[in-house]
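Me: I'm new to this one, so can we go through it together? Let me have a look first.

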Amino acid sequence: MSEPDIRVYPDPSELAREAARHFSELAREHIARGGRFTVALSGGSTPRRMLELLASEPYAGQIHWPSVYFFWGDERAVPPDHPESNYRMARESLLDKVPVPGKNIFRMQGEAEDLNLAAEEYSDEVGKFFKSAAPELPRFDLVLLGMGADGHTASLFPDTAALRAGEKIAVANRVEKLNADRLTLTPATINNARNVTFLVAGEDKAPALKSVLEGPRDPETYPSQLIHPEEGRLLWLADSGAASLLSLS
Ligand code: 6PG
């Protein structure tokens with residue numbers, strides 16, 4: 001496996017600015033080349049500042065938003081207007097502020113009673129959009145990911161069933177330690193992307209980031225180690241706090 005591409009920035013604001021620039025650059029490149037940009041957003045709190053920057057100049061004016069198609073890497077088992085909803089965070093920070101048509105937004109139905117059915121329906125919807133029929137997987141232009149202090153990413157938590165989801169597109173995942181159910185893209189789908197970019201900020205992430213990038217291979221314990229795109233580019237964008245334990249050159 002090639003050396004990971006890790007870029008470290010002084011603080012979360014600088015990290016967010018670089019992430020917004022990276023997003024804008026990829027979006028313009030893919031729209032110019034193929035007429036569209038397909039991106040799966042990450043959840044949690046780290047991406048918020050990047051999304052807010054994308055909703056403001058200069059980025060908002062650089063991107064042809066009707067050509068951008070939004071998906072999610074994961075979602076909590078909550079309604080779309082719930083404070084913990086990843087969709088709500090993206091809608092408030094970006095989607096309500098730029099001219100993205102509703103048909104371009106593919107939300108995971110976290111509110112569903114039957115999350116397994118919701119995962120199947122999302123998989124069908126994504127598969128149809130990408131015109132990919134099983135076992136072929138969809139190929140996102142960009143999958144944005146965060147990483148938890150336990151080394152999880154998306155809703156791929158340590159020692160959970162979704163780590164072994166095989167060639168499915170998205171699955172429901174029971175996370176006992178959170179006493180929560182989640183929807184998540186599978187490692188196989190994420191690894192089929194053209195670009196996978198992690199955004200990691202905060203000292204609290206430093207031990208996990210060191211274990212993920214420099215520790216022994218142990219993906220059941222550190223699921224972020226499952227992410228290595230077969231034919232795509234993996235990029236880690238971190239602030240100095242999260243990268244503080246890395247033996248970076
Ligand atoms: C989620 C995310 C999750 C997140 C990490 C980091 O739904 O929580 O998708 O994988 O990216 O937990 O979260 P923070 O950015 O809040 O630290």
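Me: How far is an oxygen atom of the ligand from an N or O atom in the side chain of Arg76?
Reply: First, this is a predicted model, where local features need pLDDT of at least 70, side-chain atom pairs count only at pLDDT 80 or more, and totals for chains, interfaces and linings use all residues. Residues are numbered from 1 along each chain as its sequence is written, and side-chain values use heavy atoms, with hydrogens and water left out. A polar contact here is a pair of N or O atoms within 3.5 Å. For Arg76 and the ligand oxygen, the distance is 2.8 Å.

Me: What share of the ligand's accessible area does the protein cover?
Reply: Other contacts join in: a polar side-chain atom of Arg182 is 3.4 Å from a ligand oxygen, and a polar backbone atom of Gly43 is 3.3 Å from one. Accessible areas come from the Shrake-Rupley method with a 1.4 Å probe. On its own the ligand has 410 Å² of such area, and the protein's share of cover is 88%.

Me: How many residues surround the ligand?
Reply: A residue counts as near if one of its heavy atoms lies within 4 Å of the molecule. The closest are Ser45, Thr46, Asp74, Ala154 and Lys205, and the full number is 15.

Me: Which residue does Arg21 meet in a salt bridge?
Reply: A salt bridge needs a side-chain nitrogen of Lys or Arg within 4 Å of a carboxyl oxygen of Asp or Glu; the count comes to 17. Arg21 sits in helix H1 (residues 12-34; helices are DSSP runs of H or I, at least four residues). Its partner is four residues away, about one turn of the helix. At 2.8 Å, N to O, that partner is Glu25.

Me: Which residue does a cis peptide bond join to Glu57?
Reply: Look in the loop between helix H2 (47-54) and helix H3 (59-62). Omega is about 5° at the bond, and the residue joined to Glu57 is Pro58.

Notes
A polar contact is a pair of N or O atoms within 3.5 Å; within protein, one must be able to donate a hydrogen and the other to accept it, and residues adjacent in sequence count only if both atoms are side-chain atoms. Helices (H or I, at least four residues) and strands (E, at least two) are DSSP runs, numbered from the N terminus.
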